[in-house]
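Me: Got a model to go through with you. Can we take it piece by piece?

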2 protein chains.
Amino acid sequence: MSINVLLVEDDIDLAATVVDYLEIEDINCDHAANGVQGLSLIELNDYHVILLDLNLPRLDGLSVCQKVRESSNDTPILMLTARDSLKDKIAGFNVGTDDYLVKPFEIEELLIRVLALSKRRSGQVSTLQMGELVLQLKTHSATYANQAVKLTPITCKLLEKFMREASKPISRKDLIQTVWGEEQPDSNSLKVHIHHLRKQLEKVEAKLSIETETGFGFALREK
Amino acid sequence: MSINVLLVEDDIDLAATVVDYLEIEDINCDHAANGVQGLSLIELNDYHVILLDLNLPRLDGLSVCQKVRESSNDTPILMLTARDSLKDKIAGFNVGTDDYLVKPFEIEELLIRVLALSKRRSGQVSTLQMGELVLQLKTHSATYANQAVKLTPITCKLLEKFMREASKPISRKDLIQTVWGEEQPDSNSLKVHIHHLRKQLEKVEAKLSIETETGFGFALREK
DNA sequence: GTTCATTCTTAACCTTCACTTAACCAACAA
DNA sequence: TTGTTGGTTAAGTGAAGGTTAAGAATGAAC
């Protein structure tokens, strides 16, 4: 299976060079010339790696990256930047960049980074399964024994975390971290969402339930 | 919680510089001067990131990396290399490197890469073991011969202390200190919790028991 | 812009559970 | 006997967790 990447870059000449070079290496490379177009392509397709210029018309790279992560898409992102300041790089990593490259870069350099990043998430699965419960990551939808399980963005993130840790207890702190990241709500939001998720599992009479580990957190287990 | 990294590097001057700089940033940095020593430290401790020189006495960086991955340890590894050839880098990524840096590098550069890699770190498991009893620290859960042992926050702390001291007697004072810290309860709480923990060990018919050292404290021992 | 639906946060209230406490036993030594 | 040390049990309390509903925020449809 060949690698599929997206390049978001407004310099048309540079873009053409990159696209051509990657094609030679049997890497398919789509191209978007601005941030907005980039985002819609990312929503539409499933890329292995996203190459993102920092300075973009319409929507800058950092914002694009932020929006991608907000939609709980964890495709590896390689930031391309003309600047070389520590501040920019740290800002990049804070919004969820995986790596960066300072322009002008050697095209071979780009190649190995793309190869490395595409491998990193190669263990990526688009569906998670536990008994009869199936979570489709791409479409944010879940089914139990072929009945739909209704998920909101937050309950979906929770369910994903639970299924990735399969039966293991997860601390409240971890759960809050995976749902909200840094900006955490002040109050008892988590327990409300856990409650919603439990309700949905009950509704389909799932043989799975979210058990409480008092004083620690929760675990999704077979009954 | 501060970051804990290991630097495997034979150039003592460089090593000292790196260690000092990282300490300033509140990152604890252990140092090994050759590959063999590096490997044993990796086995012994739980690092967030490993910084690995490519040219090392006794066992080169690539081999160290390979061995680490073979022992299914997925700590992020940052390769430090004097060479800049595409071949070396690809070789690095093939044996499981996560990133690399070409010498001479800016120390700030190293810092942001360490920060980025430490974030990426996947759920490392730290477990304590004694006979068939296994305590999973991250999930606050224990099993004996694969049966779950039910733990409350306090019995979990007690069990952790007992297993860390493996068979050694621990004074009441020590136990109370590890569970409650400064604000200690007035009464006989400790013996109640010890009792609960004993009950749980009995329930799974563990070949371990908490023995009383009269006038001193307790010890967890094989029967 | 307004309206509507959906989702998230917040807060109030209720329930459950772990922890503390204290009382009572058992073993043993003085 | 009595005092000391440790073990067992159970009740009460407070904190942690569960439930519900109202209102704020968001975003799509018009």
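Me: How many residues surround DNA strand C, and which are the closest?

Reply: This is a predicted model. In it, 25 residues surround DNA strand C. The closest are Thr152(A), Trp180(A), Thr152(B), Trp180(B) and His193(B).

Me: Which polar side-chain atom lies 2.6 Å from a phosphate oxygen of strand C?

Reply: That one belongs to Trp180(B). Thr152(B) has a side-chain N or O atom 2.8 Å from a phosphate oxygen of DNA strand C. For His193(B), the side-chain N or O atom is 2.9 Å from a phosphate oxygen of that strand.

Me: Which elements give two or more residues to that surface?

Reply: α6 and α8 of chain A, together with α6 (153–164) and α8 of chain B.

Me: And how does the surface near strand C divide by class?

Reply: 10 nonpolar, 11 polar and four charged residues.

Me: What share of the strand C atoms within 4 Å of the protein is sugar or phosphate?

Reply: 68% belong to sugar or phosphate. The rest belong to bases.

Me: Switching to strand D. What surrounds it?

Reply: 21 residues surround DNA strand D. Arg172(A), Arg198(A), Thr212(A), Thr212(B) and Gly215(B) are the closest. Of the strand D atoms within 4 Å of the protein, 60% belong to sugar or phosphate, and the rest to bases.

Me: Which residue has a polar side-chain atom 2.8 Å from a base oxygen there?

Reply: Lys191(B). On the phosphate side, Arg198(B) places a polar side-chain atom 2.8 Å from a phosphate oxygen of DNA strand D. Gly215(A) uses a backbone N or O atom, 3.1 Å from a phosphate oxygen of strand D.

Me: Which elements give two or more residues to the strand D surface?

Reply: α8 of chain A together with α8 (189–203) of chain B. By class, the surface near strand D has four nonpolar, nine polar and eight charged residues.

Me: Back to chain A. At what angle do the axes of α6 and α8 cross?

Reply: Roughly 80 degrees. The axes of α6 (residues 153–164) and α8 (residues 189–203) of chain A come within 10 Å. α6(A) and α8(A) are therefore roughly perpendicular to each other.

Me: Which residues make the contact?

Reply: From α6(A), Ile154(A), Thr155(A), Leu158(A), Leu159(A) and Phe162(A). From α8(A), Leu190(A), His193(A), Ile194(A), His196(A) and Leu197(A).

Me: How many of the residues in that contact are charged?

Reply: None; the contact of α6(A) with α8(A) has seven nonpolar and three polar residues.

Methods: Residues are numbered from 1 along each chain as its sequence is written. Chains are lettered from A and ligands numbered from 1 in the order in which they are written. This is a predicted model: local features need pLDDT of at least 70, side-chain atom pairs count only at pLDDT 80 or more; totals for chains, interfaces and linings use all residues. Side-chain values use heavy atoms; hydrogens and water are left out. Axes are lines fitted to C-alpha atoms, for helices over the stretch in contact, and angles run from 0 to 180 degrees between N-to-C directions. Helices (H or I, at least four residues) and strands (E, at least two) are DSSP runs, numbered from the N terminus. Angles under 35 degrees count as roughly parallel, over 145 as roughly antiparallel, 65 to 115 as roughly perpendicular and the rest as oblique. Contact means heavy atoms within 4.5 Å. Ala, Val, Leu, Ile, Met, Phe, Trp, Tyr, Cys and Pro count as nonpolar, Asp, Glu, Lys and Arg as charged, and the others, Gly among them, as polar. A residue is near a molecule or strand if one of its heavy atoms lies within 4 Å of it. A polar contact is a pair of N or O atoms within 3.5 Å; within protein, one must be able to donate a hydrogen and the other to accept it, and residues adjacent in sequence count only if both atoms are side-chain atoms.
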